[in-house]
Amino acid sequence: STSLLGQRVSMPICVGAFGWNGLAHERAEIATASAAYKSDTLYCMPTLRTTTIQDVASANSTGVRWFQLYTLNATRDDVMRRVREAEEFGFTAVVLTIDSPVRGIRYADERNNFSIPPHLKLAVSVEEETSFKGLATCGGDIG
């Protein structure tokens, strides 16, 4: 075992944040959080998620949980709302993503006319939806 930022985990391997897990399976975020809990290691929840933070916290009730904070287009109020919600549900650290100050051009997605299937929605508050405009398609909206 080892520790990460003072939190004990069984191994120096964790489940990192990656967005839109629901593309793989409708319960992907719950399954990965649950697997991290059962493996006694860390789970990092993505900002761009298709499952609520409450549901993930329930699946990983006492495990080590961190929250990836993606600030693309976010206002200060959006950021504070995300951090407070993560804290409320037992997430003990924030992993700040700063490599995307603006949405990049994704040429392969454009060529392939990629978009998030309409049945998938971001599990964010109505207030936050505006900060994620354009992330579901190569130029469209999230829903």
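The exercises below work through a predicted model of one protein chain, each with a solution in steps.

**Exercise 1. Describe the overall make-up of the protein chain, beginning with how many helices and strands there are.**

Solution. Counting the elements first, the protein chain has four helices and five strands. Reading along the sequence, these elements follow the pattern β-β-α-β-α-β-α-β-α. The next step concerns burial, and here buried residues make up 38% of the 143 residues in the protein chain. Turning to contacts with a separation of 6 or more, residues 24 or more positions apart account for 63% of them. Finally, the accessible surface of the protein chain comes to about 8,100 Å², and 53% of that surface belongs to carbon and sulfur atoms.

**Exercise 2. Work out in which order the three strands of the open sheet lie, and which strands are at its edges.**

Solution. In general, the strands of a sheet pair through backbone hydrogen bonds, and the pairing may be parallel or antiparallel. In this model, three strands form an open sheet in the order β3-β4-β5, with parallel pairing. The edge strands are β3, residues 43-45, and β5, residues 93-97, each of which pairs on one side only. From one strand to the next, the twist averages 30°. Looking at one pair in detail, strand β4, which covers residues 65-70, is joined to β5 in the parallel sense over five bridges, and Phe67 stands opposite Val94 in β5. To complete the picture, helix α3, residues 76-88, packs on the sheet, where it touches β4 and β5, and its direction makes about 170° with that of β4.

**Exercise 3. Decide whether Val94 is buried, partly exposed or exposed, and find which surface patch includes this residue.**

Solution. Start with the location: Val94 lies in strand β5. The relative accessible area of Val94 is 42%, and the class called partly exposed runs between the cut-offs of 20% and 50%, so Val94 is partly exposed. The last step is to look at its partners on the surface: Val94, Leu96 and Ile98 make a nonpolar surface patch of about 310 Å².

**Exercise 4. Identify which residues of helix α1 are buried, and say what covers them.**

Solution. Helix α1 spans residues 28-38, and within this helix Ala28, Glu29, Ile30, Ala33, Ser34 and Ala36 are buried. The cover over these buried residues includes strand β3 and helix α2, residues 53-59. As a final step, follow the chain beyond the helix: α1 is followed by Asp40, which has a positive phi, near 55°.

Note on methods: Residues are numbered from 1 along each chain as its sequence is written. This is a predicted model: local features need pLDDT of at least 70, side-chain atom pairs count only at pLDDT 80 or more; totals for chains, interfaces and linings use all residues. Side-chain values use heavy atoms; hydrogens and water are left out. Two strands pair if DSSP finds at least two bridges between them. Helices (H or I, at least four residues) and strands (E, at least two) are DSSP runs, numbered from the N terminus. Axes are lines fitted to C-alpha atoms, for helices over the stretch in contact, and angles run from 0 to 180 degrees between N-to-C directions. Contact means heavy atoms within 4.5 Å. Patches are made of residues with over 30% relative accessible area and no salt bridge: like charges are joined within 9 Å, nonpolar side chains (Val, Leu, Ile, Met, Phe, Trp, Tyr) within 5 Å. Accessible areas come from the Shrake-Rupley method with a 1.4 Å probe; for residues, only the protein chains shown count as cover. A salt bridge is a side-chain nitrogen of Lys or Arg within 4 Å of a carboxyl oxygen of Asp or Glu. Buried means under 20% relative accessible area, exposed over 50%, partly exposed in between (1.4 Å probe, protein chains only).
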